[in-house]
Each structure stands twice: as C-alpha cells, then as structure tokens.
Amino acid sequence: MNNVTAPPPPSPAVETVGLSKSFGNFKALRGLDLKIPAGSSLAVFGPNGAGKTTFIKILASIMRPTSGKVLIEGFELKDDAEGIRAKLGLVAHQSYLYGNLSAWENLDFYARMYGVQDRARRIAEVLDLVSMTGRRYDRLSTFSRGMQQRMALARALLHRPSILLLDEPETGLDQQALGAMWDIIRREEAGKRTIIFTSHSFERALSVCDDIIIIERGRLAFRERACNMNLESLKKKYGECTTAVKP
Amino acid sequence: MHHGGETVKFWSCVRAIAWKDILSELRTREIISSVLVFAVLVLVIFNFAFDLNPDLIAQIAPGILWVAFAFSGVLALNRTFIPEKEDNCLEGLMACPVAREAIYVGKAIGSLFFMLLIEAIILPVFALLFNIAVLQPELIAVTLLATIGFVAVGTIFSALAVNTRAREMVLPILFLPVVSPIIIAAVKASSISLAGQSWGDMTIWLAIIIAFDIIYLTVPVLVFPFVVEE
C-alpha cells in the first residue's frame, strides 16, 4: 500500500464569493460567485454599466467590495492586500503613466514601487518586449495612444505578475496595435499567467480565451468554455442575457 | 504598523513618489513659476500699499510674509494631486503593493520640498522690500515647523478637492479654516522673532505650532486610505 496521498487541488487563481458593490442606491455588483483556474484566461462581457470595471477594480484592490470576499491564489484579499497586489498586473483604459517623465523613468518609478530586483535589466527587457527601446528616453506625452498602451502593458508586466487584469485594454487601439498587444501578452509567461480581461470584442475573446462570462446588471448571467462557442452562438447568448435579465 | 523589511519598503516607496513629483516639477516648473510670480506680486503690492516706517514694518511685516506663504501654499497644494488625476495615475499607485499611507507621505514630502523652495526664494525678496533681516534661526525654525503642518494638512485636503469640479475654490474653503491655528501662531512667533526677541518669548507659539504639527501629521495618515478609496 502506498502511503503517498495526492496533493490537494491547487487553489483557483481568483475566487469571488458573493461579491457585491454598491454606490449609494446603485448596485454595481450583486453577489458574484466565480472561480478562475490558475493559468487560464477569462473574458468578461457585459453592456456598459454592467459592473465589469467595478469587478476588475475590486480584484486589483483599488476598490473595496460592499460585501462578499475575494481570494487570490487562496488568500483573502482583505487580509493581505499589499502582498496580493504584488501578484497582480493591471492594464486599464488609461496608462497610469506620467506624461512629463520618459518611458524609462516611468518604468523605473513603478519598478521601485513594486520592489523589482535588478531594475535596469528588467526595464530593458520589458521595453524590448513592447518594442519601445528606441523611445526609452522620450516623454510619455509624445507617444501615440497605441504606444502609451504598450507602455501600460510594460508597466503591468514589469514585476512578473501571476495574474494579469485587463480592463478594456483595446480602447482606442487600431487593429495592428491590438494584434501586437495580444502577441506580447501571449508571448510572456505563456500558459503560466492567469488573464482576466473585459472586452466588447467577441472575436478576440474567442481567439485568446479559455472561458467567457457575461455580466448583466452586476449578476453573472452566463459562463461557458470558449471552445464550446462560436461567434454566432456567443452573439446570440449575449443578446439573450443582456435583454432577459431584469434588476 | 511597519516593521523591518516593511519599513524599508514603505520608505523606499515614499522616496520614489516624492522623487517622481520633484523630477516632474523640475521638468515643467508649473508650480514653482506660477507660485513665485504670485508671491512676489503680493509682497510688492503690500510694499507699495503702506507708507512704511520701522514701527509699522515691525507690526505688519510678519502678517504680510504669512499672507504670501499661505496663499502661495494654497496655489501649490492645489496642484499636488493633479498629476495623479491625469491618466488616472492615482489608481496606478493604489494598485501597487504599498500601504496607502506611503502615497500620502510621499506626496506630502514632495509638496514640502516645493513649499520650502518657494519660501527660500520669497524670504530674500521680503528682506529686500521691507529692509528686514530674515536670516535668523528663530524665523527659519518657525517657518520650517509651520510649513510642515501646513503641508501635512494641505496634502489631505488636496486629495479631497482633486475629485471635485471647482477644486481651486474647494481647497482654500476647506483648508484655510483648518490650518488657521498654525498660521496665527506662525505670524505671532515670526513677529517676536523679527522684533529681535529670544526663543523664550515665543515658546507658547512654537508649542502651538508643534502640537498642531503632530495632529496634522497623524490624522491625515489615518484618513488618507478612506479619502482615496471609493
């Protein structure tokens, strides 16, 4: 008889239990229960105001939930928010970068904030990854929207986060810039990093994600494996969810 | 609480934030140039407004000096959180693995640097226009202590005001009544100093400034996380 017991199943990268958030009388999230396995990618859909950005901000611990809990790799977010934030990378609509500082200075600042070891080497690596090495001494304010979003991605990847949160990162990007951005995301730490992104692009989600969810009025209205769906079925389901669910 | 490695990390982030603000300001000189023009204008107007004789100067000069410092400070503090609102950088800071308090302390130290720099330029102008010797340890100590409290409480009100539409109006309305004990004590202590009296004569006013410094350094650190989190 072999006494070796099977290791416990790994904790989900992200787990939310009864996650709710209210702004006054407005309920942005209403009891969201989710488990996102480590190394997987999840696309979050929903109409404007459905609660997608609130969901991402709570995961990033920028915002506190009204009730419910968030567990990141098995640890409750509110117990060690600072420690858990080191595992997260966040790309949002805005770059979170300073226009008066150069690309290098911006990344150096965030590298210090995240306690990145061997800063200069890592900054050079991520600048190379996003093809911005040639502009490293130029101020952010001189960059195009696409370049700024690539720099935002460099900032988010700087500390090698195990979970990448992307809140509509495609806003304002052309097709070429979009392709480059997803190419970078998939190239670095491919398969090891958990990716959660909110989007309005069904095609993109089907091509890059393992799972798809639809949030409507703060509730989880639908969840399915991306491999079980095609563009038509996703559009149909989105239409059903966003018109059927009532407050 | 911050212990050992946490303390090192906390102060490392504080230094990074303060240095980032200083570097950004040195590049644009948005705060320093506009505030200096305003402060010098205040001093010049007061200089021409009164028929100054030595007795009158002794009475009104400390007030004029602190009017210039206070209103220049309000202008400077109004800008403290504006760079963090552009491109929503405050959210970027909040997503970093650092205590919210470090963001406040870093921003306050950056503002303190600008305020002291502005004051270091205003004081010689003041000395020139009003024919007063300002290189006195008492006056420098009063200015330094009062500026610490002024900036400490001003930084938290700046963080509050930056999310309002009329932030240029909101900051002075909220901030000046709260900081007035420090300004009044600073005017009184400066008056004693400029009259050539000793440290002993200004003890009560210095004690008031230090007491308010302690309050204004403690309370904002405690409330800042609630101010920035929705």
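Which residues of helix H4 (residues 119-129) of chain A are buried? They are A:Arg122, A:Ile123, A:Val126, A:Leu127 and A:Leu129. Keep in mind that this is a predicted model.

**One face of a helix**

Now picture looking straight down the axis of H4(A). Its buried residues fall within an arc of 155°, so they line one face of the helix. Here's the background: an α-helix has 3.6 residues a turn, so residues three or four places apart point the same way. And what covers that buried set? The cover for the buried residues of H4(A) includes helix H3 (103-113), helix H5 (145-157) and helix H6 (175-187), which also belong to chain A. Just past the end of H4(A) you'll find A:Ser131, with a positive phi of about 55°.

**How chain A is split**

Let's zoom out to the whole of chain A. It is divided into domain 1, made of 10-87 + 161-247, and domain 2, made of 96-160. Measuring between C-alpha centres, domain 1 of chain A and domain 2 of chain A are 25 Å apart. The two domains do touch: 17 residues of domain 1 of chain A are in contact with 14 residues of domain 2 of chain A.

**Two pockets**

On to the empty space. Rolling a probe the size of a water molecule over the atoms shows where empty space is left. Here are two pockets side by side.

| Pocket | Volume | Lining residues | Classes in the lining |
|---|---|---|---|
| Largest pocket | about 530 Å³ | 23 residues | 9 nonpolar, 3 polar, 11 charged |
| Second largest pocket | about 240 Å³ | 19 residues | 6 nonpolar, 6 polar, 7 charged |

Start with the largest pocket. Nearest its centre lie A:Arg64, A:Leu77, A:Lys78, A:Ala81 and B:Glu229. Strand E4 (67-72) and helix H2 (81-85) of chain A each supply at least two residues of its lining, and helix H6 (100-130) of chain B does too.

What about the second largest pocket, with its space of about 240 Å³? The lining residues closest to its centre are B:Asp21, B:Glu25, B:Ile31, B:Arg79 and B:Pro83. Two or more lining residues come from each of these elements of chain B: helix H1 (5-28), helix H2 (30-49), helix H3 (54-78) and H6. Which element gives the most to the lining of the second largest pocket? That's H1(B), with 5 residues.

Methods. Residues are numbered from 1 along each chain as its sequence is written. Chains are lettered from A and ligands numbered from 1 in the order in which they are written. This is a predicted model: local features need pLDDT of at least 70, side-chain atom pairs count only at pLDDT 80 or more; totals for chains, interfaces and linings use all residues. Side-chain values use heavy atoms; hydrogens and water are left out. On a 1 Å grid over the protein atoms alone, a cavity is a set of points where a 1.4 Å probe fits but cannot get out, and a pocket is an open set with protein on both sides within 12 Å along at least five of seven lines; lining residues have an atom within 4 Å of a point. Grid points are joined across faces, edges and corners, and a volume is the space filled by probe spheres set on the points. Helices (H or I, at least four residues) and strands (E, at least two) are DSSP runs, numbered from the N terminus. Ala, Val, Leu, Ile, Met, Phe, Trp, Tyr, Cys and Pro count as nonpolar, Asp, Glu, Lys and Arg as charged, and the others, Gly among them, as polar. Buried means under 20% relative accessible area, exposed over 50%, partly exposed in between (1.4 Å probe, protein chains only). The arc is that of the directions from the helix axis to the C-beta atoms. Contact means heavy atoms within 4.5 Å. Domain bounds come from an automatic or database domain assignment.
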